[in-house]
Amino acid sequence: MTRIPLNHGAGQIPALGFGTLIPDAAVTITATRDALEAGFRHFDCAERYGNEREVGRALQAGLAAGGIARQDVFVTTKLWNTNHRPERVEPAFDASLERLGLKYLDLYLIHTPFAFQPGDDQDPRDQNGNVLYDHGVTLLDTWRAMESLVDHGKCPAIGLSDVSLNELKPIYESARIKPAVVQVESHPYLPETELLGFCKEKGIVFLAFAPLGHGMKPGLLQDPVILAIAARAGKTPAQVLLAWAVQRGTALLTTPRSAARARENFDISPLPEDAFEEINRIQTRQRLNPVVRTGVPGFIPRSI
Ligand SMILES: NC(=O)c1ccc[n+]([C@@H]2O[C@H](COP(=O)([O-])OP(=O)(O)OC[C@H]3O[C@@H](n4cnc5c(N)ncnc54)[C@H](OP(=O)(O)O)[C@@H]3O)[C@@H](O)[C@H]2O)c1
């Protein structure tokens with residue numbers, strides 16, 4: 001299994017990650033168990049997904065049943081937009097830890113660079129349905145509170161999600177503790193080459209979400225280049241897309257919801273160099289998730 005070292009000696013992150021953005025609680029539990037059984041050792045959670053308790057229960061049961069030690073899995077969760085005020089960061093971290101039922105986290109990310117009005121409502125809106133942003137806190141203020149978590153030994157690694165290169169650079173330059181990971185949408189239709197180059201140069205792990213294009217149809221899983229490579233290599237289109245992501249030096253998150261798909265998505269092997277280059281030459285450009293523009297996630301029902 002490919003593992004990528006984190007900066008500051010904070011260990012290694014398994015390149016193949018399982019994402020837990022699954023609205024249904026029962027499916028969250030079965031899919032998390034299936035992923036663990038298939039071999040996934042990297043789990044991506046978030047306060048905003050509303051299912052940290054279910055993920056935690058599934059992980060604990062799965063670790064016990066499989067004789068797997070806690071230190072053999074890598075668990076991330078994310079600070080939601082309503083908790084950007086520095087005094088809210090540590091309580092939000094502690095609350096996630098409690099819901100997950102874990103003694104520690106391996107990585108904590110700022111979910112998006114957008115601060116929403118602080119409070120218990122995760123989706124604060126005015127009477128016209130417009131998001132209520134919090135202009136009284138900067139991303140750097142929040143980053144300083146994230147650094148304190150590392151200072152106090154609460155978390156070994158911190159990072160950002162849904163940031164552009166323009167947002168990442170000033171944080172990187174001002175940070176006392178540099179971001180270890182940046183999680184963004186990325187796939188052959190959105191290769192984010194410049195951001196990936198910056199991350200590689202600075203030793204930041206680039207963690208791609210939507211490597212299968214969120215499974216949208218028509219989309220990457222039906223792309224003729226991907227289908228042809230899959231047929232030649234005796235792999236499925238999903239395996240080709242995931243292998244491409246690992247081969248370009250990124251970690252990734254995928255969300256198979258059945259045991260068969262978990263095994264399929266974990267069974268990745270390197271692509272021939274010409275196939276890898278052929279995917280790099282795909283010209284289609286498409287961003288699927290609007291979260292980077294507003295801080296509002298594209299695939300979470302408003303009711304969660
Ligand atoms: N930071 C952020 O703002 C952000 C945003 C979005 C996601 N994420 C993270 O990224 C994770 C990954 O989510 P994603 O949507 O990007 O995952 P993805 O793996 O790109 O897409 C998931 C979709 O692909 C389908 N799928 C999975 N394996 C497949 C296979 N082998 N063959 C065909 N279809 C397959 C699934 O269908 P079925 O459901 O039918 O299996 C589902 O519809 C999330 O769970 C979350 O942790 C982060």
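So, Ala208 in strand β9 sits opposite Leu252 in β10; strands here are DSSP E runs of at least two residues, helices are H or I runs of at least four, numbered from the N terminus. β9, residues 205-209, and β10, residues 251-254, run parallel and are joined by two bridges, and two strands count as paired if DSSP finds at least two bridges between them.

Quick housekeeping: this is a predicted model, with local features needing pLDDT of at least 70 and side-chain atom pairs pLDDT 80 or more, while totals for chains, interfaces and linings use all residues. Residues are numbered from 1 along each chain as its sequence is written, and side-chain values use heavy atoms, leaving out hydrogens and water.

Now the other neighbour: β8, residues 181-185, runs parallel to β9, with five bridges joining them. There, Val181 stands opposite Val205. Between β8 and β9 the chain goes through helix α6, residues 193-202, in a right-handed β-α-β crossover; that's clockwise from the first strand over the helix to the second, with the strands pointing away from the viewer.

So is β9 covered or not covered on its faces? Val205, Leu207 and Phe209 on one side, and Phe206 and Ala208 on the other, are all buried, meaning under 20% relative accessible area with a 1.4 Å probe, protein chains only; exposed is over 50%, partly exposed in between.

Back to Val181. Skipping neighbours within four places in sequence, its contacts (heavy atoms within 4.5 Å) include Leu6, Ile13, Leu107, Ile204 and Leu207.
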